[in-house]
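User: Hello! I am new to this structure and would like to understand the reasoning behind its description. Could you take me through it?

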Amino acid sequence: MIIYGTALLAVCHLLGIFLGDLLGALLGVKTNVGGVGIAMILLICARLWLHKRGLMPQTTEMGVGFWGAMYIPVVVAMAATQNVVAALRGGPVALLAAFGSVLVCACFVSLINRTERNVPEAEAKAHAAPHRA
């Protein structure tokens, strides 16, 4: 049933928030550290585990899919807003770390794109066409 998908999402969310708070306490900060990400990883793992064992009917999977699609943009947007506010309050070091991480990610994406091998068009078509025996 679709409600089971919603229940699975709720359990993963609550467990993720708890683990994020626990991680924050272990690191010595008074905030949730990665709770949203932990919740999403738990949801993905639980869904795969249940699906592999045949315990996830199609309607339950639809519930997980619907709420997962709604959950990701809303919660991530809320978390991103909180992180921006915290960064602005944290001073120049937090802003430098944010800009530095964006710059490092951009460099790695550029590096990955440049190291990718270009396949000639004729070779790409030969690989795309089905082989007949």
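Analyst: Gladly! Let us start with a word we will need: a residue is called buried when its relative accessible area is under 20%. In this predicted model, buried residues make up 17% of the 133 residues in the chain.

User: What makes the pattern of the chain α-α-α-α-α?

Analyst: The secondary structure comes to five helices and zero strands. Read along the sequence, that gives α-α-α-α-α.

User: Which residues make up the largest nonpolar core, and what makes it a core?

Analyst: It has nine residues in all: Leu 8, Leu 9, Cys 12, Met 40, Leu 43, Ala 46, Leu 50, Met 56 and Val 64. Helix 1 (2-27) and helix 2 (35-52) are the elements that give two or more residues to this core, and helix 2 gives the most, with four residues. The set is called a core because its residues are buried and joined through side-chain atoms within 4.5 Å. As a general point, nonpolar side chains tend to be buried together in soluble globular proteins.

User: What does Val 64 touch?

Analyst: Leaving aside residues up to four places away in sequence, Val 64 touches Gly 5, Leu 8, Leu 43, Arg 47 and Met 56. A contact here means heavy atoms within 4.5 Å.

User: Why is Leu 15 called partly exposed?

Analyst: Leu 15, which lies in helix 1, has a relative accessible area of 38%. Buried would mean under 20% and exposed over 50%, so with 38% Leu 15 is partly exposed. Leu 15 also helps to make a nonpolar surface patch of about 480 Å², together with Phe 18, Leu 19, Leu 22 and Leu 26. Patch residues need over 30% relative accessible area, so the 38% of Leu 15 passes that cut-off.

User: How do you know that Cys 107 is in no disulfide?

Analyst: A search of the whole structure finds zero disulfides. For Cys 107, the nearest cysteine sulfur is that of Cys 105, 9.3 Å away. A disulfide needs two cysteine sulfur atoms within 2.5 Å, so at 9.3 Å this pair does not count as one.

User: And is Cys 107 buried or exposed, or in between?

Analyst: In between: its relative accessible area is 49%. Exposed means over 50%, so Cys 107 is called partly exposed.

User: How much accessible surface does the chain have?

Analyst: The total comes to about 10300 Å², and 73% of that belongs to carbon and sulfur atoms.

How values were computed:
Residues numbered from 1 in each chain as written. Predicted model: local features only at pLDDT ≥ 70, side-chain atom pairs only at ≥ 80, totals over all residues. Heavy atoms only, no water. Buried < 20%, exposed > 50% of the residue type's maximum accessible area, 1.4 Å probe, protein only. Areas by Shrake-Rupley, 256 points an atom, 1.4 Å probe, with all protein chains shown as cover. Patch = residues over 30% accessible without salt bridge, like charges linked within 9 Å, V, L, I, M, F, W, Y side chains within 5 Å. Salt bridge = Lys/Arg side-chain N within 4 Å of Asp/Glu carboxyl O.
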